[in-house]
Structure formats: structure tokens, C-alpha cells
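Open the model in your viewer and keep the selection tool at hand. We will go stop by stop.

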Amino acid sequence: MQTIFIQVLMAFLGVVGFSVMYNIHGYKIIITGLGGSLSWICYRIIFHFSEGNKILSCFTATLIIALLSEILARILKTPVILFLVPMLVPLVPGSDLYYMMSSLVLQNSSLVKSYAILLAGEAAAIAFGIIIITTLTQTVIRSSQFIRKIRRIRAGE
Amino acid sequence: MNQQTKANSNENTLLVAALLDIGEMLLVSGAEVSRVEDTMERLGKAYRFNRVDIFSITSSIVLTVQAENGEVITQTRRIRSTQVDMEKIVHINALSRDLCLSPKGVEDLQKCITDISGTKKYPALVKLLAYPLISGPLTVFFGGSLIDAAASLISGLFLSIIIALGYKMKMQSLVLYLLCSFVTGLAVILLINLGIGASFDKIIIGNIMLLIPGISLTTSLRDMIRGDLITGLLGLCEALLKAFAIAVGFGTVMIMIGL
């Protein structure tokens, strides 16, 4: 429990650093930092309940973060990627890349293979998570516009 | 009459150039290709061009418009390097929203664009210090101890100085990544030998997170799923090559010390 608390805190600090690197200013830094912490909390919760399925945890955390950043972007009238990119930083599988590399150096080819599959799965999970939410919000917005249009036409009649 | 058309066409050419400036700024600041295409198309419609054809990949934009008088104008831009700058994207987004509601004249538009290109940035020192402030916490995040974090901070500072110098010297990005990871790896070993930091892997992971093209990898997959195949392939290729360069850099160090 204590390690998770430290990790969440460190995720906040790291994401704040990335926000500075991406030239994000003002109160938005705090929002992205908190979002980064949230993404790690989601990841750990799913990780716990799915008995250590990294890909599923990545996917679910991405879904939540992507939805959150779509909502924040609509409220604050900013592009979605401003929130999405920094908030997803804790999910980037840097450690798996490292361990793949080190097993490559140690010439342990079966480990390399399993890490490569894991990495590809995690990257695909994050990408699909974002795509699903983007498509979903676009569909909701378009259909709500459509419904409004129909209502207006009816009211006109 | 003839002169009138000539003035009009000149204005249209300037307008297309201004629109491309906006698109270029978006791409350079790290916006997705789909956003660039979408923005340009909206702006073209707002300026009442009969037809707007925009094609963009990560390294180039082609814009062809057909003006109301039937004249066809094509201009292209080549984008060589990108530097993520979210603040700029925010400003351009706001500008394009304004323009779609009420299109401005060419001169006003050009002035707005120069205003945006001078948006506030963090001072160079803050940017330099951002790197160690990322690598330190992330080392702890991936399971390092506090002393590892200290080593990670120092090597992160090394890394940021090398990257800043490399950008200044306009070094090829792959070579820069290779060099960065190699030098950082050496720095970490030196620090461990000096007694700062214990676990080599955790310190390196904290620094890898600074270099890792995770975002561009997922973006490229997203582009491909959405249907921007060329952009997706380019991004994927670049991300894989970068990951390879990082692996070679750190891997060389690991082989050297016999890990």
C-alpha cells in the first residue's frame, strides 16, 4: 500500500515535469499531474483485480484517462492532446523496454520474445483505448447535434 | 478589371501561405496530422474557397485551394523537425475557432500568426531542469530507492545538457539518441562506482522514460487505426528506430561493464 502511495506521488511529479517539457502553463500543470496520478491508481486497481494482467490494466486505465481528457478538453476549451499525452506518461512501458533490452544483451531470446509481445500488446492497448473513446465521443456529439436539428425542424413546423 | 483580378489573386496566394503557416505551426508543435487536416479544411471553408484539398503527413503539408474566381493555388511545406509545444496548439486552436466564426483579412491574420509564434515559453534553465525532475521521480516510481533517485537526478541533468547541445548543433536525432543513452549509461556507472545509487536498472529506466518514444509509438498506431496509413507507418518506423538507438546506446554500456 505504501509503495503505491509513493508511486502515485512520483507519477504526479514526473507528469508535472513532462508538462513543463511540453510547454504547458498555469493551472493546467496541476490538472495533468493529478490526471497522471489517477491513471496510475486506475492501473493498479485493475492490475490487482485482473491478477497481474498488464495489458488489460493499461487498456482500462487508458479508457478512463481518455474519457477524462475529452471531458476536460470540452470544459476548458483546449485540445484533447494537451491533457491526454502527459496523463498517459505513467502507462508508457519504459521498464518493459529496458528489461527486453537487457535480456537482448544477455542473449536470452525467449525472454526477449515474451517482453516484445508484452510491449506490443501494451502499446496497442493504449492506442485502441484512445481510439475507442475518440470515436465514441464523436458519435455522441454528432448524434446529439442530429437530434437537436430534428427537434428544431419539428418546432419550426 | 484585369488589375482587380490580379490584386485578388495576389491576396489569395498570401492567404494560402498564411493558412499553411498555421498548419505548419500546428505540425511543428506536435499536433496530430488529423487535427492539422481538419483545421485547414475548416479554415479553407471559412474563407469561402470553392474547394479545399489538404494532404499532410508528419514531414510535409500540401494545400490546394480553388478560389471563388476559379483560380487554383497549390503550396507545400516541408517540416523537418518537431518540438512539442502545447501552449502554441492551444492558441492556434483558439485562433482557428475565431476565424471560423469571422474570417479576418490577410494582414490581420499574418499579425495573429506572428503573435502566436512568439508565445511564452519556459526559460531555458527551467527546461534544462525539467529533465532531471522527471527522471528522479520516475526512478522511484519504478521501484528505486531515494539514493537511486539522486543518481537519476544527476544523470538526468547530464542527459538534458547533451540533448540541449545536440539540438543546438542540429545533430541527426537518431545519432543524438544513441549518444545520449550511451553517455547517460556511462554517467550512471560512474555514479554507482562513486557510491551514489545502487540499482543500475532502476536508474536507467528513469532516464529511458525521458527518451522513450512511447507517445509517438501510440500516436502512430492511432493514426494507422484511424486510416492515416502513411503517417502511421512513418511514425512507427521512427519510434522503432529511436527505441533501437536507445537500446544500442545503453546496451553497449551494459556489454562494456559485463552486466
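## Stop 1: a nonpolar patch

Helix α6 of chain B gives the nonpolar patch its largest share, three residues. This is a predicted model, in which local features need pLDDT of at least 70 and side-chain atom pairs count only at pLDDT 80 or more, while totals for chains, interfaces and linings use all residues. Residues are numbered from 1 along each chain as its sequence is written, chains are lettered from A and ligands numbered from 1 in the order in which they are written, and side-chain values use heavy atoms, with hydrogens and water left out.

Select B:Leu125, B:Leu129, B:Leu157, B:Ile161, B:Leu165 and B:Met169. Together they form the patch on the surface, with about 570 Å² of accessible area. Such areas come from the Shrake-Rupley method with a 1.4 Å probe; for residues, only the protein chains shown count as cover. Patch residues have over 30% relative accessible area and no salt bridge; like charges are joined within 9 Å, and nonpolar side chains (Val, Leu, Ile, Met, Phe, Trp, Tyr) within 5 Å.

Now colour α5 (124–141) and α6 (146–168) of chain B; each supplies at least two residues of the patch. Helices here are DSSP runs of H or I with at least four residues, strands are runs of E with at least two, and numbering starts at the N terminus.

Click on B:Ile161, which lies in α6 of chain B. Is B:Ile161 buried or partly exposed? B:Ile161 counts as partly exposed because its relative accessibility is 39%. The cut-offs: buried is under 20% relative accessible area, exposed is over 50%, and partly exposed is in between (1.4 Å probe, protein chains only).

## Stop 2: the sheet in chain B

Show the three strands β1, β2 and β3 of chain B. They form an open sheet in the order β1-β2-β3, with antiparallel pairing. Two strands pair if DSSP finds at least two bridges between them. The edge strands are β1 (51–57) and β3 (72–78), and each pairs on one side only. On average, neighbouring strands are turned by 5° against each other, direction ignored.

Select β2, residues 60–66 of chain B. Seven bridges join β1(B) to β2(B). A hairpin connects these two strands through two residues. Find B:Val52: B:Val65 in β2(B) stands opposite.

Step across to β3(B). Seven bridges pair β2(B) with β3(B), again in the antiparallel sense. B:Val65 faces B:Ile73 in β3(B) as its opposite residue, and B:Val62 stands opposite B:Thr76. These two strands form a hairpin with five residues between them. In that turn, look for B:Gly70, which has a positive phi of about 90°.

Turn on the side chains of β3(B). In a regular strand the side chains alternate between the two faces of the sheet. Here B:Ile73, B:Gln75 and B:Arg77 point to one face and are buried. B:Val72, B:Thr74, B:Thr76 and B:Arg78 point to the other face and are not buried.

## Stop 3: the helix across the sheet

Select α2 of chain B, residues 33–46. This helix lies across β1 and β2 of chain B, at about 165° to β1(B). Axes are lines fitted to C-alpha atoms, for helices over the stretch in contact, and angles run from 0 to 180 degrees between N-to-C directions.

Pick B:Arg35 in α2(B). B:Arg35 is buried, as its relative accessible area is 16%. Which residues does B:Arg35 contact, leaving aside neighbours within four places in sequence? They are A:Pro79, A:Val80, A:Ile81, B:Leu26, B:Ile89 and B:Asn93. Contact means heavy atoms within 4.5 Å.

## Stop 4: salt bridges

A salt bridge is a side-chain nitrogen of Lys or Arg within 4 Å of a carboxyl oxygen of Asp or Glu. The count comes to 12 over all chains.

Go to A:Asp96 and A:Lys54, whose closest N and O atoms are 3.2 Å apart. This pair links distant parts of the chain: A:Asp96 is in α5 (94–105) and A:Lys54 in α3 (54–76) of chain A, 42 residues apart. A:Asp96 is buried at 3% relative accessibility, whereas A:Lys54 is partly exposed at 26%.

End at B:Glu238 and B:Lys242, which meet in a salt bridge (3.6 Å, N to O). They are four residues apart in α10 (229–257) of chain B, so about one helical turn separates them. B:Glu238 is partly exposed at 42%, and B:Lys242 is buried at 14%.
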